[in-house]
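User: Hi! Could you walk me through how to read a few residues in a structure?

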Amino acid sequence: MAIVLGPNQYGKAETRLVRVYRDTPRHQIRDLNVSTALRGDFEAAHTTGDQAAVLPTDSQKNTVFSLAKERGVGAIEAFGLDLARHFVAETPAVSGARVEIDEYTWDRIHGHDHSFVRRGQETRTTVVTVDKAGIWVVSGLKDLIVAKTTGSEFHGFYKDRYTTLPETTDRVLATSLIARWRYARTDVDWNNSYVGIRALLLATFSDVHSLALQHTLYAMGEIVLQKHSEVAEIRFSAPNKHHFLVDLSPFGVDNPGEVFHAADRPYGLIEATVLRDDAPNPGTAWLP
Ligand SMILES: O=c1[nH]c(=O)c2[nH]c(=O)[nH]c2[nH]1
């Protein structure tokens with residue numbers, strides 16, 4: 001029996017980069033969380049302890065900071081591509097690089113030149129992978145918290161002897177959405193694409209009369225693929241943040257869909273992929 005090294009990668013996780021543009025009195029701020037991971041021939045580093053091929057994670061962190069100044073931070077996809085291409089081109093043992101970036105958005109306080117307030121929980125995300133087989137960009141958003149107070153039903157489901165859930169034609173639907181979409185190409189106007197897709201997700205959540213969270217997710221995916229030819233595939237993960245109607249009848253009080261218990265757990269977790277049947281091969285796009 002032989003023991004061998006299996007898949008491996010290494011890098012600096014969660015480098016918190018804040019890039020300020022202050023060339024004019026109206027400053028701009030970019031707030032990123034960048035994780036880099038390198039793949040390649042790192043056998044000796046593990047098996048014999050020889051680190052000759054290993055670019056330290058500390059150097060990877062320094063590269064993130066320095067490229068932010070040297071090249072600037074455009075769309076997170078473009079910055080991720082800069083970083084991933086740099087590591088593959090400049091580091092001999094590296095055959096593939098994965099760069100994951102989350103962006104936190106800051107809004108100006110009353111339009112102020114240099115004072116900002118951070119926007120809710122919502123985070124824009126990207127994962128860029130560059131390797132010998134190709135280049136992949138998977139972008140998205142997470143923690144987009146949305147709720148609707150009607151226009152949502154759930155009934156007609158399969159019932160077994162443990163089913164107690166009442167059927168409903170009018171309920172609260174709420175989720176903290178994670179959506180990730182894989183681009184079919186890289187010649188994309190990243191910011192425009194992001195803004196357009198985010199708007200479609202929100203509009204569909206509001207406008208589609210929901211028969212289940214599954215139904216809403218599919219409708220979101222369908223419209224994104226119809227309107228954005230640059231997207232090959234979109235994946236959703238959506239916790240169903242249950243709002244249970246509180247029974248106020250013991251107190252002689254009527255509750256026609258007005259008072260709810262917002263339970264934090266357990267929650268339904270609805271996950272779905274919507275894709276074109278001719279979507280190009282994903283390669284290592286989704287590899288964590
Ligand atoms: O939208 C829903 N989908 C389900 O699969 C489900 N299951 C459940 O108990 N409530 C809901 N709601």
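Analyst: Sure! This is a predicted model, where local features need pLDDT of at least 70, side-chain atom pairs count only at pLDDT 80 or more, and totals for chains, interfaces and linings use all residues. Residues are numbered from 1 along each chain as its sequence is written.

User: Which residues does the UniProt annotation "binding site" cover?

Analyst: UniProt positions come in the numbering used here, with shortened feature names, and annotations may be inferred rather than shown by experiment. In this case, the unreviewed UniProt entry puts "binding site" on T57 and N240. They span 184 residues in sequence and the farthest two C-alpha atoms are 38.0 Å apart, so they do not all gather at one spot.

User: Where does N240 lie, in a helix or a strand?

Analyst: Helices (H or I, at least four residues) and strands (E, at least two) are DSSP runs, numbered from the N terminus. N240 belongs to strand β7 (residues 231-240), whereas T57 sits in helix α2 (residues 57-70).

User: How do I read exposure for N240?

Analyst: Count the other C-beta atoms, placed from the backbone, within 10 Å of its own: 20 or more is buried, 12 or fewer is exposed, and in between is partly exposed. N240 has 17 such neighbours, so N240 is partly exposed. T57, with 16, is partly exposed too.

User: And which residues is T57 in contact with?

Analyst: Contact means that two C-beta atoms, placed from the backbone, lie within 7 Å. Setting aside neighbours within four places in sequence, T57 is in contact with Y10, G11 and K12. By that rule N240 touches T175, L213, Y267, G268 and I270.
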